[in-house]
Amino acid sequence: MIDEIIQKFRSFRSKWQEFLKKHHEWYMDHARQRKLIIFGVLVTSMIGLLIGTRFVPAKSRFQDTPIGTGLSFGKNNNATISMDSRKYNADQKFMVIKFTVKSDGSHPIDPKYVSFKAVTLEGQDTKYQVLPLANSQYILLLSNLSKGYKAIQIKAINHQPSVDNSTMDTEAALDVTDSSSSSSSESTKNDPVTKDGVNFVINEDNKFIDNKLVKLSQKDYAVQSLTQSIKILNKRIDKQYANIESFQKQIVADKNAIQAAEKDRQYQVDQSDTDNQIASAKADIKFQESSIKQSRKLINTLNDQIDLYRKQIMDVESGKYKFKKPVSANSLR
């Protein structure tokens with residue numbers, strides 16, 4: 001039994017030694033191929049890294065401004081501005097950036113007091129144009145912006161002076177925006193919020209490249225925005241009509257409740273509870289009537305604004321509505 005085990009062990013050892021010998025011979029015979037493979041992998045990796053650094057946008061020293069973040073805007077402490085979107089067509093070398101200015105009802109921001117300055121980190125023959133739209137929205141259109149710009153800094157400035165609450169019209173926020181926004185060139189500060197405005201930074205990134213993005217004309221951008229604003233106002237009007245219908249139904253219910261209470265009161269010794277119910281229903285009727293009046297007033301205001309937007313569309317299409325000319329963007333250093 002022991003001799004049999006020893007024999008099997010010797011047989012296994014002999015086969016294992018033969019396997020190691022063959023593996024070693026193959027390993028030595030293919031040493032050159034192995035070295036060439038390793039060398040090829042290293043060279044390919046280096047080339048890949050070089051290509052990657054060439055085509056992947058380099059990050060600048062500036063921090064990106066988050067999309068949709070409202071930032072304090074100038075001397076009007078209750079005013080904010082946010083960057084809503086930015087899309088870049090790398091093939092046609094243009095970028096479209098959308099902004100929205102918001103304020104409390106007593107301090108609407110007049111578009112003529114809003115201006116923008118744009119600069120690029122890398123020197124390019126880039127031009128930009130500010131397009132004031134409806135509902136305190138703005139488009140900044142950058143043209144001739146080639147890949148490798150690294151970063152863009154946009155300073156939005158609010159020149160509107162501080163005013164008294166009593167001098168402002170709360171309905172002024174619905175006024176038609178005009179094309180008087182100005183734009184000039186250089187800004188070198190990177191502080192997000194400045195004394196009279198705020199800085200937005202857009203670092204070059206493939207994430208917002210959209211080569212299907214269509215570059216519209218000034219006229220098309222304005223008409224598109226105004227048309228969208230009219231749709232929004234029509235929806236608000238529909239909502240007010242729905243509210244009026246609900247208010248009227250409530251008035252009918254209150255009147256029915258009053259009739260029922262007055263009918264039952266003749267059979268009651270203590271009529272205080274019934275009197276309270278009637279008084280409450282009458283007060284609710286007055287409230288509903290007041291709500292209907294306010295809704296109708298708002299509908300009239302919204303309809304007036306729609307008429308003004310339609311007039312503005314006609315002025316844009318006829319050429320009466322003037323836009324600012326493109327401005328050259330300086331380099332940020």
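Which residue follows α4, and what is the sign of its phi? In this predicted model, α4 is followed by Gly 319, whose phi is positive, near 95 degrees. The helix itself covers residues 272–318, a run of 47 residues. From its first C-alpha to its last, α4 reaches 69 Å, close to the 69 Å expected at 1.5 Å a residue.

We can turn from the helix to the strands. An open sheet is formed by six strands, in the order β1-β2-β3-β6-β5-β10, with antiparallel pairing. Its edge strands are β1 and β10 (327–328), each of which pairs on one side only. Strands of a sheet pair through backbone hydrogen bonds, either parallel or antiparallel.

At the β1 edge, strand β1 (residues 71–72) pairs with β2 in the antiparallel sense over two bridges. Leu 71 has Ile 81 in β2 as its bridge partner. Next in the order, β2 and strand β3 (residues 94–102) pair over nine bridges, again in the antiparallel sense. Met 83 stands opposite Phe 99 in β3, and Arg 86 stands opposite Ile 97 in that strand. The hairpin of β2 and β3 has four residues between the strands, and Lys 93 in this hairpin takes a positive phi near 60 degrees.

Strand β2 also holds Ser 82, a residue that merits a closer look. With a relative accessibility of 9%, under the 20% limit, Ser 82 counts as buried. Its side chain makes a polar contact of 3.2 Å with the side chain of Asp 84. Leaving aside residues up to four places away in sequence, Ser 82 touches Gly 68, Thr 69, Gly 70, Lys 98, Phe 99, Thr 100 and Phe 200.

What of the aromatic rings? Across the whole structure, the search finds four aromatic pairs. A pair of aromatic rings is described by the distance of the centres and the angle of the planes. For Tyr 88 and Tyr 149, the ring centres are 5.4 Å apart and the planes stand at 80 degrees, so this pair is edge-to-face. Because Tyr 88 lies in strand β2 (residues 80–89) and Tyr 149 in the loop between β6 (137–143) and β7 (151–158), the pair ties together parts that are 61 residues apart in sequence. Both Tyr 88 and Tyr 149 are buried.

Phe 116 and Tyr 138 form another aromatic pair, this one tilted, with 5.6 Å from centre to centre and 55 degrees between the planes. Here Phe 116 belongs to strand β4 (residues 114–120) and Tyr 138 to strand β6, so the pair ties together parts that are 22 residues apart in sequence. Phe 116 counts as buried at 1% relative accessibility, and Tyr 138 counts as buried at 2%.

Ring pairs also link Phe 116 and Tyr 138 with Phe 99 and Phe 200 into a cluster. Two members of this cluster have already appeared above: Phe 99 stands across from Met 83, and both Phe 99 and Phe 200 are among the residues that Ser 82 touches.

Conventions
Residues numbered from 1 in each chain as written. Predicted model: local features only at pLDDT ≥ 70, side-chain atom pairs only at ≥ 80, totals over all residues. Heavy atoms only, no water. Phe/Tyr/Trp six-rings, centres within 6.5 Å; stacked < 30°, edge-to-face > 60°. Buried < 20%, exposed > 50% of the residue type's maximum accessible area, 1.4 Å probe, protein only. Pairing = 2+ DSSP bridges. Expected span 1.5 Å × (residues − 1). Polar contact = N/O pair within 3.5 Å; in protein donor to acceptor, adjacent residues only side chain to side chain. Contact = heavy atoms within 4.5 Å.
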